[in-house]
Amino acid sequence: MPTAIPTLNKTECEHVEESIWKLKNHWKHIDDVAGPLPMFTLGHASYLHGNKPNLNTILKNEFGWLQGVILQKLKNYLQEDVSFMDASNLPGFHIFLSSAVWSLPVARVHSDLQYQRQFTNSVSAKIRVISFTLPIRLP
């Protein structure tokens, strides 16, 4: 069930955005899904790229503080221990650059079910998987 959990203040969001731009050479255009749309990822999205944790070191170095904040906020909300799975993709970013095309109906509401492809049945039976969206800057 969707829930809003206050997480970052304006200064922290600006810091995250600056870091995302600093790592622009690691952005991947999502051409297989978005075609010519200005849509990118920073980090590997499991539903697009599978489990490729090779960018985890970069994400950890630049956003380790943010990962800590996210884990603590989720732990407080869920009232239980939470963690990112070892040897799996760390949370990354979807980047939608400004374009008039976003005023058109080019996206759809969806449920994040990519964990079903990332984790084996034996692993997913032992864990609770959650999905979250943390907007950094909205139009």
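## Around W27: aromatic pairs and a helix crossing

Setting aside neighbours within four places in sequence, W27 touches I20, W21, F40, T41, L42, I95 and L97. Keep in mind that this is a predicted model. W27 itself sits in strand β1, which covers residues 27–29. Its relative accessibility is 11%, so W27 counts as buried, the cut-off being under 20%. There's also a spatial link to G43: the two residues are 16 apart in sequence, yet their C-alpha atoms are 7.5 Å apart.

Now for the rings. How many aromatic pairs does a search of the whole structure find? It turns up 3. One of them joins W21 and W27, with ring centres 4.9 Å apart and planes at 50°, so this pair is tilted. W21, at 41% relative accessibility, counts as partly exposed, whereas W27 is buried. Add F40 and you have an aromatic cluster made of W21, W27 and F40.

Another pair brings together F63 and F93, whose ring centres lie 4.7 Å apart with the planes at 55°, so that pair is tilted as well. Here the partners come from distant parts of the chain: F63 belongs to helix α4 and F93 to strand β3 (residues 93–96), 30 residues apart. Are these two rings' residues buried or exposed? F63 counts as buried at 2% relative accessibility, and F93 counts as buried at 12%.

Here are the two pairs side by side.

| Pair | Distance of ring centres | Angle of planes | Class |
|---|---|---|---|
| W21 and W27 | 4.9 Å | 50° | tilted |
| F63 and F93 | 4.7 Å | 55° | tilted |

F63 also leads us to the helices. Helix α1 spans residues 10–22 and helix α4 spans residues 56–78; their axes come within 11 Å and cross at roughly 155°. Angles over 145 degrees count as roughly antiparallel, and α1 and α4 are therefore roughly antiparallel to each other. The crossing of α1 past α4 is left-handed.

Which residues make the contact? On the α1 side they are E12, H15, V16, S19, I20 and K22, while α4 supplies E62, F63, W65 and L66. Sorted by class, the contact has 5 nonpolar, 2 polar and 3 charged residues.

Two of these names tie the threads together. I20 takes part in the contact between α1 and α4 and is also one of the residues touching W27. F63, part of the same helix contact, is the ring partner of F93 in the tilted pair.

Definitions and conventions. Residues numbered from 1 in each chain as written. Predicted model: local features only at pLDDT ≥ 70, side-chain atom pairs only at ≥ 80, totals over all residues. Heavy atoms only, no water. Axes fitted to C-alpha atoms, helices over the stretch in contact; angles between N-to-C directions. Helix = DSSP H or I, 4+ residues; strand = E, 2+ residues; numbered from the N terminus. Parallel < 35°, antiparallel > 145°, perpendicular 65-115°, else oblique. Left-handed = near helix turned anticlockwise from the far one by under 90°. Contact = heavy atoms within 4.5 Å. Nonpolar A, V, L, I, M, F, W, Y, C, P; charged D, E, K, R; others polar. Phe/Tyr/Trp six-rings, centres within 6.5 Å; stacked < 30°, edge-to-face > 60°. Buried < 20%, exposed > 50% of the residue type's maximum accessible area, 1.4 Å probe, protein only.
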